[in-house]
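Here is a short report on one protein model and the two ligands placed in it. Look at the structure first, then read on.

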Amino acid sequence: MSSTMPISQLIVSATGLILTLTLVLMCITSLTENQKKAAIKATTLLPIAFALMILPFSINESYIWMIHILTSIIIISGIYLFIPRPFFKSNQESIPKGKLDERTIMFARKELTPGTDRYNEYYKEFPEHLKDDEAFRRLPGLLSPSSKFYHPFAFPASGAIFNIVDSLHAFVDGKTSEAKTKQSPDKIASFIKEWAKKSGALSVGFTEMKDYHWYSTGGRGDRYGVPIEANHTHSIAFTVEMSHQMVQSAPKSSIILESATQYLNAGIIATQIAEFLRGLGFESRAHIDGNYQVVAPLVARDANLGEIGRMGLLMTPKYGPRVRIGVITTNLPLPVESRNYDDSVEDFCEKCQKCSTNCPGNAISDQPAQSLNDVIRWQIDSDKCFNYWNQAGTDCGRCMNSCPYSHPNNLMHNLVRWTIRNFPNFRYWAVKMDDFFYGRKTRTQKLPQWFDAN
Ligand code: SF4
Ligand code: SF4
């Protein structure tokens, strides 16, 4: 036996042990997540990992060369895969330019009624939208009984929740108390952070408001055509979780019920904080579903809650895009942390493209990020996306449920997300592993059992 043999033995055996433990963890995690195929694949690989673990102790001396070759492969691959992030050139963050006109977003265009002055004026100004908008108006529509994924309980339940969200619009803004609190902004901020989390928020951050956070012109209801005054200096952004189980059945009806539920949760948290701040003597406005004056994902990004990915949603570190966002703008000078840009999300999105593969509306580009208005980013085709929603009757969410970042917040997936963040060369293989275990074309799960109806 050569003198280097014990180290080689150790390296091969330890690698086998790590792989065995990882596969056992993968197996258990997959079973708890009802991912039976992933569990079967992990179990199938277990004997190979186990064989690697015991190989150095059972191999005949004349085959020791195999152990040396395996050791070399493990060392070279290990060094390559786990070169830490600081050794790579990082990308520069793209800063958006200009303001978005809310009248041009799909939800605002949906509210236009043919034959009205507003309708005629809009399409005179934006004739390029007329053809696509006429197409979605011919479709069944969101929550329609004649849509593809109609559900006799989930659709009326979602409608009921959205009505309650609408009733919260009365509380987004209000009179500011003339008596200003003597408490410091830092103390108020730390109270808000903990209170929001107690109320169900996953993460909370603060940022200064920038021009590009605001819509230029209101597009919905009474705000239609009214210029939006960017009159608040700071904002609070927070996220609430979309249930993994409910998202897994997307684009079936569970997704819209979960969206409605989390819009309501975000709406309650945002309106109560805005009302609280006005009571303390600071101007404040909540931005909630159907009543935004800001582009919420951009505000949340600048508050360090995540990054914007290929599908155009906020990608958070532990829940990926499986969140809804709430925003409160205010003139309280909140303590703002400097921006902590994480370029790993965009780099991973470059390699992944899984949302694009799975999008039933063909709305997500599979191309590299492009320069749009001098900003390098992806832009989804919101006309195609909205068109699909109006066929499905739900807000789809297929991109959300196929995204590798959307896996639940547990040891296994957090380990993978941490490795993706810190080791750039691992990212390509992480995509391949996700494809292997969950499929490139991911499976849509059945609706939860309690959705059973006649
Ligand atoms: S919501 Fe559905 S249609 Fe829209 S981009 Fe995502 S996957 Fe595509
Ligand atoms: S599915 Fe992949 S490409 Fe799409 S947003 Fe998620 S990580 Fe990025």
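## Ligand 2

A residue counts as near a molecule if one of its heavy atoms lies within 4 Å of it. The model is predicted. On that cut-off, the residues around ligand 2 are Arg-310, Met-311, Met-315, Phe-348, Cys-349, Cys-352, Gln-353, Lys-354, Cys-355, Cys-403, Pro-404 and Tyr-405. Two elements give two or more residues each to this shell: helix H12 (344–352) and helix H13 (354–358). H12 provides the largest share, 3 residues.

Where does ligand 2 sit? Ligand 2 occupies the largest cavity. Its shell splits by class into 9 nonpolar, 1 polar and 2 charged residues.

## Ligand 1

The shell around ligand 1 is made of Cys-359, Pro-360, Ile-364, Cys-385, Trp-389, Asp-395, Cys-396, Gly-397, Arg-398 and Cys-399. Helix H14 (382–392) and helix H15 (398–402) each contribute at least two of these residues.

By class, ligand 1 is surrounded by 7 nonpolar, 1 polar and 2 charged residues.

## The sheet

In what order do the strands of the open sheet run? The order is E1-E2-E6-E3, with 4 strands and antiparallel pairing. Strand E1 (203–208) and strand E3 (284–287) are the edges, and each pairs on one side only. From one strand to the next, the twist averages 20°.

Strands of a sheet pair through backbone hydrogen bonds, either parallel or antiparallel. Strand E2 (residues 234–241) and strand E6 (residues 323–330) pair in the antiparallel sense, over 8 bridges. Take Ala-237 as a reference point: its bridge partner in E6 is Val-327.

## Helices on the sheet

Helix H8 (residues 185–198) packs on the sheet and touches E1 and E2. The direction of H8 makes about 145° with that of E1.

Helix H10 (residues 254–279) lies across E2, E3 and E6. H10 runs at about 20° to E6.

## Backbone points to check

Which peptide bond is cis? The bond from Ala-250 to Pro-251 is cis, with omega near 10°. Pro-251 belongs to the loop between helix H9 (244–248) and H10. That H10 is the helix lying across E2, E3 and E6.

Leu-143 is not a glycine, yet it has a positive phi of about 65°. Leu-143 is found in the loop between helix H6 (130–137) and helix H7 (154–168).

Technical notes
Residues are numbered from 1 along each chain as its sequence is written. Chains are lettered from A and ligands numbered from 1 in the order in which they are written. This is a predicted model: local features need pLDDT of at least 70, side-chain atom pairs count only at pLDDT 80 or more; totals for chains, interfaces and linings use all residues. Side-chain values use heavy atoms; hydrogens and water are left out. On a 1 Å grid over the protein atoms alone, a cavity is a set of points where a 1.4 Å probe fits but cannot get out, and a pocket is an open set with protein on both sides within 12 Å along at least five of seven lines; lining residues have an atom within 4 Å of a point. A molecule sits in a cavity or pocket if more than half of its atoms lie within 2 Å of its grid points. Ala, Val, Leu, Ile, Met, Phe, Trp, Tyr, Cys and Pro count as nonpolar, Asp, Glu, Lys and Arg as charged, and the others, Gly among them, as polar. Two strands pair if DSSP finds at least two bridges between them. Axes are lines fitted to C-alpha atoms, for helices over the stretch in contact, and angles run from 0 to 180 degrees between N-to-C directions. Contact means heavy atoms within 4.5 Å.
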